[in-house]
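This briefing concerns the protein model shown below. It is arranged by topic, beginning with charged side chains and ending with nonpolar ones.

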Amino acid sequence: MNTMVEQNRAIWRVRLVSALRTIIACTIVGCTTLYGPAPVRRVLTYPAISYVTAILIVSEATLGDTMRGFCQNLYATVQVLFPSWLSLWIIGPARLTRELAALAVAISSFVVALPESTPLLAKRLAFGQIVIVCVGTVVHGSSTGSFMHPIHVASSTTLGALASVLAMLLPFPRLAYCEVRKACRLYAENASQRLGLVVEAISAQHTSTAHDLIAQQKRLSQTGLKLVQTVNNNLGGMVWERPQIIFLKPNCAALEEKLQNMEIPIMEMERALSSCTLFPVDMIDEEFKQLLQSLKLQISLKLENAKCFVPFYAITVPEVKGKALEKPLWMPKTNTKSPENLPALFLLYCMEFLLNGPPSARNIEDNPTMKAEESNKPRSNDQRVWSSVFIKLPSSQSLIFALKCSVSLGLSVLFGLMYNKENGYWSGLTIAISFVTGRQATFIVANARAQGTAMGSIYGVLCSFIFHKFYDLRFLPLLPWIIFTSFLIHSRTYGQAGAFSAAIGALLILGRKGYGAPTDFAIARVTEATIGLICLISVELLLNPARAATLAKAELSESIGLLRECTEDIILCPHQKDMSGSRKLREKQHQLKYHVDKLQHFISEAQMEPNFWFMPFQSASYGKLLGLLSRLANLLHFVVYQIEFTSEISQRLDSSSENLLQNMNDDLELLKDRVSSSLKQLEAATSTNKQTFRSPDRDEGVKGILSSFLRHLEEVIDKIYTWEGTEKLKSQMVLCLTGLGYCIHSLATEIMEIEKEVKDLQ
């Protein structure tokens, strides 16, 4: 309970500090545009875009993020400034009608949105500047300066970006590398606690005690995933901070992957523990407990060193004296015939994985084939570099995104000017900061923006009424509102879109002057924002008519197909001399992981989209299928290393051992045939066509094959005990085979669960 309270306090402090920095940025913009020197105020004629820029860049950012945002703002300004000068000089401000302005916005937006290399933030800022330049020219007509008008827009935008950087420096800088270091330290503590709970739970003497420990693990697991996400989110900002040159090492470039390789074993240990139905586990005796404790001690010491932000696998294992650590990692009473013992044996494999990395990693270094392939990697990198020099044609996704931005902004500007010429900015500016390169829950995001705009505008009007006698104090009510919207970012209902709209809605009323009556402006702006959102939704439906539920079903079918291909590539081949089979399996496993992540995105979107006249989305069944596929992808992560290590060691086996291993391979082939046939039917049933899945009664057959596989696995392990070799090598082989037995058994079991869930979908 104390841990949860401390975590909540830490989250509250982080969000409050982020809100205070947003207040600093907005205060810098407000003081400069309202009370700055007259020459400065004459240049900064569009404080609205200053506030928008500051909110986009500074919210929950680090110094590196704001520096990156500042540079992207300069890039966006260059993209808009020079074409604007040329266009206004050719057309002339007086001849720019609302139709020509809408056309100019559409063309300019298409050009900006098309390149894939341009960051999304730069595109959003460029869209906002394009809208203000074109609409401002229509509003002011011939009085618009062809040269100074784009400079006024660019200066106002740059003010917001500069205020964001200054806010990150005051009162002290918030550095991305400090956030990463702190998150790594907290993650090391979290992983150590979870590991301790795993050891306690597997050693528990009562089922109720074990279940209580498992419940604690699940809570800590959620925190661990958030910490990993925090590290991943801040890695980009580290590149923009000068301490990165001194702080980062070459091995830290793959920190995200290393954290993932730390998280997956711990997560799968927790899932393996959850599969145990009765406690105490039969094979857990005092010797086994002592072995678990010694491994936990070594891993905990390694994690203690990891708090210094050193890559986990770059840390040397500390020397710990004791008789327990001198024993081999495998137990002489290993019994793999009983599936109930597999989770405990898999825990040993995962702990060895955490302690020393994948077993095959050390042996591959002595493989001349792998060395030759490693030496070829620089040439492939050079080829990719040279290929990037040539101009690449835009992808279909980039064309659709550019077309969506172009048509949406063009229509919103046209209809916005037709409704209210003086406030025609807001229809285009509202959606200019709304675009994303991929899919999003359009209706939910539009609804959040509309509600946020209304809330912010109403709050601004109320504060204007209260402070109408104290005009210079109207900026003060913005402080609590910005704090509120900073916390609103993490709301499921409003999210970032609604929070930004609420903050900007109040800032445009309380942070500016000279726009007329606050009530009239608020009504006009809400109406203009609604016009823009309607245009965005209409274009989105035309260009992306497929529902997220349909895409989730198609992605589910694709994931099941890749799972089938992965299972077909699992081969125990004693005579295989290279790693081509395992590398092929690793590539398929990465593809499966990628498509599972896409499936998760579509499921999240489908849960939020309205049903209208369609059938309700079966989120519970899809959630279970997502969890099963995610776990299978993680298990295949281990299978790759197990296959590699088994293939290496198989070259040293005698004929009798090879025959035993071949028996395992024969059982595996039979299992693959059964599983592949089932997955083919599942793939067809979950495709967009209306096929029905009929599940034959194959459970007993699969269980019989698994029983034979585990029996032959036990025979191979018994044979290993009689080898003439080092204890380390024999222990590694036993750990690898027992881990493989657990993974294969779990793969077959989880696939049978997928069959049941697919039947429920129909």
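Lys289 is buried, with a relative accessible area of 18%, because that value is under the 20% limit for burial. The side chain of Lys289 nevertheless forms a salt bridge with Glu286, at 3.8 Å from N to O. The model is a predicted one, and the points below set this pair beside other charged side chains, the cysteines and the nonpolar groupings.

**Salt bridges within helices**

- The structure contains 20 salt bridges; the pairs described here include Lys289 with Glu286, Arg185 with Glu189 and Arg271 with Glu268.
- Helix H12, spanning residues 286-306, holds both Lys289 and Glu286, which stand three residues apart, or about one turn of the helix.
- Glu286, the partner of Lys289, is exposed, because its relative accessibility of 58% is over 50%.
- Arg185 and Glu189 are joined by a salt bridge of 3.8 Å, N to O, and because they are four residues apart in helix H8 (residues 176-202), about one helical turn separates them.
- Both ends of that pair are partly exposed: Arg185 has a relative accessible area of 33%, and Glu189 has 29% relative accessibility.
- In general, side chains of opposite charge can pair when their charged atoms come close.

**A network of charged residues**

- Four residues, Glu268, Arg271, Arg631 and Glu750, are linked in a network of salt bridges.
- Within this network, the side chains of Arg271 and Glu268 meet at 2.9 Å, N to O.
- Because Arg271 and Glu268 lie three residues apart in helix H11 (residues 255-274), they are separated by about one helical turn.
- Glu268 is buried, with a relative accessible area of 0%, whereas Arg271 is partly exposed at 27%.
- Glu750, another member of the network, lies in helix H27, which covers residues 727-761.
- Glu750 is buried as well, with a relative accessible area of 12%.
- Leaving aside neighbours within four places in sequence, Glu750 is in contact with Leu628, Arg631 and Leu632; of these, Arg631 also belongs to the salt-bridge network.

**Cysteines**

- The count of disulfides is zero.
- Cys178 is partly exposed, with a relative accessible area of 37%.
- Cys184 is buried, with a relative accessible area of 3%.

**Nonpolar core**

- The largest nonpolar core has 205 residues, of which Ile202, Leu563, Ile570, Ile744 and Ile754 touch the most other members.
- Ile744, leaving aside neighbours within four places in sequence, is in contact with Ile570, Leu668, Leu671, Leu706 and Phe709.
- Ile570 thus appears twice, as a contact of Ile744 and among the core residues that touch the most other members.
- In soluble globular proteins, nonpolar side chains tend to be buried together.

**Nonpolar surface patch**

- Leu86, Trp89, Ile90, Ile91, Leu100, Leu103, Ile107 and Val111 make a nonpolar surface patch of about 810 Å².
- Helix H4 (63-91) and helix H5 (98-113) each supply at least two residues of this patch.
- Leu100, one of the patch residues, lies in helix H5.
- Leu100 counts as partly exposed, because its 36% relative accessibility falls between the limits of 20% for buried and 50% for exposed.

Definitions and conventions
Residues numbered from 1 in each chain as written. Predicted model: local features only at pLDDT ≥ 70, side-chain atom pairs only at ≥ 80, totals over all residues. Heavy atoms only, no water. Patch = residues over 30% accessible without salt bridge, like charges linked within 9 Å, V, L, I, M, F, W, Y side chains within 5 Å. Areas by Shrake-Rupley, 256 points an atom, 1.4 Å probe, with all protein chains shown as cover. Buried < 20%, exposed > 50% of the residue type's maximum accessible area, 1.4 Å probe, protein only. Core = buried A, V, L, I, M, F, W, Y, C linked by side-chain atoms within 4.5 Å. Contact = heavy atoms within 4.5 Å. Disulfide = S-S within 2.5 Å.
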